Amino acid sequence: MKVKRSEYLKQMRPVLEKLRDRLLTEFPYASLLAQDSAAKNYSVSKTSKGIYMDGMLSGRGFVAKVYDGTRYAEYSFNELSEDKIEEIAAEIKSKLMPMSDQLPEGVKKSCYAMLADDPLVFADSTEYELDPEEYGDEKIIAQLTQVSEAGLAFSDKVLDCRAFASYQKCSKLFLSKNRDMEQNVLWTCGGVVVMASRGEEVKDNYRGFSVLGGAELLDEIGKNVGSVAQNALDLLASEPIPPGEYECVCRPDVTGMIVHEAFGHGVEMDMFVKNRALAKQYVGKQVASELVNMHDGAAAAKEVASYFFDDEGVPAQDTLIIDRGILKEGISDAQSAMHLGTKPTGNGRRENYARKAYTRMTNTYFEAGSDKVEDMIASISYGFLLEGAASGMEDPKNWGIQCMVDIAREIRDGKLTGKVYSPIVLTGYVPDLLKSISMISDTSVLCGSGFCGKGYKEWVKVSDGGPHIKARIRLG
C-alpha cells in the first residue's frame with residue numbers, strides 16, 4: 001500500500017497557492033515548501049516501557065524562498081491564513097531582503113542567477129506493508145516486549161535487553177511558478193541493545209534495523225535478537241587488539257561507516273564552496289581501488305533517506321560519486337551547485353521547515369562486486385572480520401578517518417578462530433584505505449537506523465552500507 005496524502009496540506013493548498021502568486025508579483029522567483037510530519041518512538045527494557053512523540057521529527061510549517069535578481073532569502077513560519085498573506089509578503093520585502101545590505105565588514109556579497117524552474121507536476125508516495133498508526137501502540141509495544149524477553153532469556157549472563165522502534169510519516173508540498181510536487185514518505189527504524197555480565201565485567205552489543213516502510217520491520221528485529229545477545233556474550237571474552245595494520249574483511253555495517261565518514265561528508269559540495277574539503281582537488285583522479293563504485297542519492301536505493309524531491313524542489317537522483325576508483329563528482333544543494341557552476345544533485349535537505357537547507361547525504365553506499373564472503377575470509381592468512389559499526393568521524397580537509405568498531409573476529413589461515421578483540425579503533429588516510437580494497441562481495445546491505453549531523457547539529461535521516469569489502473586497515 002502507498003502512504004496517504006496529508007489532509008492538512010490538502011486543506012492549506014489554496015492559501016499556499018495564493019501566497020505563491022502574491023510573492024511572484026514582487027519577485028521573479030518564489031517557491032514554497034510545506035511540511036506535515038508526525039513521528040513516534042517506542043522502547044521496552046527489563047524495567048520500563050515508553051511511548052512518546054518525537055519533537056524533532058514532528059511538526060507542521062512552511063518555508064518561502066524568494067529571489068530579487070541577485071540574491072535569495074528564506075522565511076519560515078508555522079501559521080498561515082489568507083489574512084496573513086500580505087503581512088508575510090511585506091515582512092519578506094521590507095525586513096528580510098534588506099538584511100543582505102547589513103553584512104559585517106569584510107564579508108562579500110555573492111550574486112546568483114535564478115534557480116531552474118522547469119515544469120514538474122506530480123504527487124507520489126512510498127509503499128508499506130503495515131501502517132504503524134493503524135497497527136497501534138499496544139501491538140507495537142507487545143512485539144517489542146517479546147523481543148526484550150527473548151534477549152533476557154538467551155542466557156543467565158544477560159542483564160538487560162532493550163528493544164526499540166520509531167517511525168516518521170512525512171508529507172511535503174513544493175510550489176513555485178512552474179512546479180507543483182507532493183510527496184508522502186513513511187520510514188520505520190528500530191534496534192536491540194543487549195547487556196551481559198561476567199563477574200564485574202559488563203559488555204553490551206547493539207544492532208540497528210530500518211526500512212522504507214512500516215511496522216513490518218518489527219518481525220526483522222525479533223529474528224535477530226539472538227545474534228545480538230550472542231555478540232554481547234562473545235564480548236565478555238574479548239581482548240584489546242595489538243595495534244597494527246591488518247588485512248580485514250568488513251561487514252556491510254562497517255563498510256557503510258567507512259563510506260559515510262571517508263567520502264560522504266568529504267564530497268558534500270557546500271564544503272567545496274568554503275574550501276573545506278580536500279576532495280575538491282581530486283575530481284577526475286583516482287582515490288580508490290578500481291573495484292570501487294560509490295553512489296549517493298534519494299533515488300539510489302529504497303531506504304530511510306529516500307524521497308521524490310529534496311527541500312529545494314530538486315528531483316531525487318542517483319549520483320555516481322566514484323566510478324571504478326575515479327572521483328567523478330560530489331553531491332550538492334541548489335545554491336552550492338549554482339556557486340560552483342554544476343548541476344544540483346537533489347541533496348538539499350533541512351532538519352525541518354525552520355532550518356536552512358544544506359548539502360546532505362541520503363543513501364550512500366559502495367556497489368556490490370563479484371566475490372563470495374567465504375572466499376574473502378579464506379584469502380586471509382592473518383587478519384580480522386570487522387563488525388558492529390559504533391561511531392566515526394572524519395577530517396574532510398586532510399582526509400583522515402577514525403571509526404569505532406565493536407568486534408574484530410580473528411582470522412588465521414583463512415578460518416575464523418573464535419577469538420574476539422574489542423574495542424577497535426579504525427584509523428587511516430582515506431585514499432590509502434580505499435585503494436587497498438582488493439575484494440568486494442556480491443551482496444549488499446544498507447541500514448539507516450541512526451541520524452547524521454552537519455557538524456554537531458542539523459540532524460537528518462541517512463542510510464549507508466554496501467557489500468563486504470577486503471582491505472588493509474590500521475587497527476588499534
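In the predicted model, strands β1 and β3 each contribute at least two residues to the lining of the largest cavity. The volume of this cavity is about 60 Å³. β1 gives the most to the lining, with three residues. The lining of the largest cavity is made up of S31, L32, L33, V63, K65, E74, F174, D311, E312 and R350. By class, five of these residues are charged, four are nonpolar and one is polar.

The total number of cavities of 30 Å³ or more is two. For the second largest cavity, the volume is about 40 Å³. Its lining consists of Y42, P132, I140, A165, S166, Y167, T188, A215 and L218. Strand β6 supplies the largest share of the lining of this second cavity, namely three residues. Seven nonpolar and two polar residues are found in the lining of the second largest cavity, and no charged residue is present there.

Strand β1 is mostly covered, with 15 of its 16 residues buried. Three pairings of β1 are described here. With β6, β1 forms an antiparallel pairing over 13 bridges; within this pairing, V44 has A163 of β6 as its bridge partner. With β3 (residues 59-67), the pairing of β1 is likewise antiparallel and extends over nine bridges, and D36 is placed opposite R60 of β3. β1 and β2 also run antiparallel and are joined by five bridges. In the pairing with β2, Y42 stands opposite I51. The connection from β1 to β2 is a hairpin of four residues. Y42 also belongs to the lining of the second largest cavity.

Helix α4 comprises 17 residues, 137-153. Its end C-alpha atoms lie 24 Å apart, which agrees with the span of 24 Å expected at 1.5 Å a residue. The buried residues of α4 are I140, I141, Q143, L144, T145, V147, S148 and G151. These buried residues pack against both strands and helices: the strands are β1 (29-44), β2 (49-53), β6 (158-175) and β7 (179-198), and the helices are α3 (132-135) and α5 (217-236). I140, one of the buried residues of α4, is also among the residues that line the second largest cavity.

Among the pockets, the second largest has a volume of about 860 Å³. It is lined by 26 residues, of which Y72, S110, Y112, Q335 and K356 are the closest to its centre. Three elements, β4 (72-77), α7 (270-273) and α8 (334-340), each supply at least two residues of the lining of this pocket. By class, the lining of the second largest pocket has 11 nonpolar, 10 charged and five polar residues. Charged residues thus occur in the lining of this pocket and in that of the largest cavity, whereas the lining of the second largest cavity has none.

Conventions:
Residues numbered from 1 in each chain as written. Predicted model: local features only at pLDDT ≥ 70, side-chain atom pairs only at ≥ 80, totals over all residues. Heavy atoms only, no water. Expected span 1.5 Å × (residues − 1). Buried < 20%, exposed > 50% of the residue type's maximum accessible area, 1.4 Å probe, protein only. Contact = heavy atoms within 4.5 Å. 1 Å grid on protein atoms, 1.4 Å probe; cavity = no way out; pocket = protein on both sides within 12 Å on 5 of 7 lines; lining within 4 Å. Points joined across faces, edges and corners; volume = space filled by probe spheres on them. Nonpolar A, V, L, I, M, F, W, Y, C, P; charged D, E, K, R; others polar. Pairing = 2+ DSSP bridges.
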